[in-house]
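Thank you all for coming. Please have a look at the sequence and the structure on the screen, and I will then take you through a few parts of them.

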Amino acid sequence: MAYSFIELRKKPLWPKGLERLWIGTAVVLVLMGVSVLFFRFDAQTVAAQIERRQAEKATLAAQLEQLRASIASMKDVASFARKVATGNELSADRWGDLLDLVPDDTVLERFEWRKDGFVMQGTTSDVKQLEQKFATALSGRYRLASSRASHGRFTMTFRTVKERS
Amino acid sequence: MKAYRYRAATETTLSLFLVLVLLGGAAVWGVLPAWEQWSQRQVRSQQLAIDINRLQQRYDALYETKAALENRTGMLAERLDNPFDETTLAQWMRSAGAEEPRIVREGAGRFEIEAVFKSPADFFKLITALDDAPWFLSLEPFVEMHAVAPQRLKIRFRLAVLQAVGRTDRGE
């Protein structure tokens, strides 16, 4: 009977290299699974964040719109105030300029100013000179409509010259 | 021996093929769609953060403008909303230099006022002071001056009270 001391080696089902390849593949697949889970979970978190940010943006846009409207309204009020102040100043200047033309030797007893003209009544040393002064100074804006004078007392009516359209 | 080598080569090739298919499949159907969705949401979220930041900056700048305007025009808005009454107007006229003011209502928000002044310059001062009145008062083109005594001028003039739409003055 012959004996052999050499053990018969079974052929491995997988060679060493292939075994490593499959272990590596399994590790990579597990990592991929983990990353998929991470992406899915984080995507949910980011979706909630997007929702919050969209709401914040909408609120901010609405507040901005409100602020713009408020500023526009303030600017309107400021412009309105300027317009009223300018109008008052202009009106005052119009009759103020007329009174400035009255010479020192003239005493006014009545002065009426309207949109369509003005009337002056009083006493003066030289009615003709007064007429002349007003007619020259106001040429183009007012015309002398009537003038009455007796013993230094005068009444003059001037009418606004209408602009040709 | 030859058969064994042949089997090993086949197994290696098959394994490599299977590994590639598995990894490729997992990447294409698993990782890539999840990554793409995540990445798109990240970009959208960051874009929103940038938009919010931009809006916030604009809001801050406009808020400063509004605060500055409020300082300048706060009183003006009050003047537009102040309730109007003739007694207060008469008091205000007296404080602005008019003596014995008499106020007659002419129509909606329009008044004819008769008062005594020392000189036209005093009346001019009152017109200038209209800018500081509790309401917006507009001088209408109507002024009548009568000298009633030395240093006493009776002046009649018309004012319109301008108020915010929807507000009517008392007594109307």
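I will begin with how to read the model, and then go through the contact between the chains, the strands and one loop residue.

What you see is a predicted model, in which local features need pLDDT of at least 70 and side-chain atom pairs count only at pLDDT 80 or more, while totals for chains, interfaces and linings use all residues. Residues are numbered from 1 along each chain as its sequence is written, and chains are lettered from A and ligands numbered from 1 in the order in which they are written.

Let me start with chain B, where the domain assignment, which is automatic or from a database, gives domain 1 (1-78) and domain 2 (86-162). The C-alpha centres of these two domains of chain B lie 72 Å apart.

How many residues does each chain bring to the contact? Chain A brings 52 residues and chain B brings 55, where two residues are in contact if their C-beta atoms, placed from the backbone, lie within 7 Å. On the side of chain A, the elements that give two or more residues are helix H1 (16-100) and strand E1 (107-114), with helices (H or I, at least four residues) and strands (E, at least two) taken as DSSP runs numbered from the N terminus. H1(A) gives the most, with 42 residues.

H1(A) also packs against helix H3 (residues 120-129) of chain B, at an angle of about 170 degrees and with the axes 10 Å apart; the axes are lines fitted to C-alpha atoms over the stretch in contact, and angles run from 0 to 180 degrees between N-to-C directions. H1(A) and H3(B) are therefore roughly antiparallel, a term for angles over 145 degrees. Among the residues that make this contact are A:Ala92 of H1(A) and B:Phe124 of H3(B).

Turning to the strands, which pair if DSSP finds at least two bridges between them, E1(A) is joined by five bridges to strand E3 (residues 136-149) of chain B, and the two run antiparallel. In this pairing A:Phe111 stands opposite B:Met145.

Within chain A, eight bridges join the antiparallel strands E3 (residues 142-150) and E4 (residues 153-160). Their hairpin has two residues between the strands, and A:His151 there takes a positive phi near 50 degrees.

Finally, is A:Lys115 buried or exposed? This residue, in the loop between E1 and strand E2 (117-123) of chain A, counts as exposed because it has 11 C-beta neighbours inside 10 Å, and the cut-offs are 20 or more for buried, 12 or fewer for exposed, and partly exposed in between, with C-beta atoms placed from the backbone.

Notes
Angles under 35 degrees count as roughly parallel, over 145 as roughly antiparallel, 65 to 115 as roughly perpendicular and the rest as oblique.
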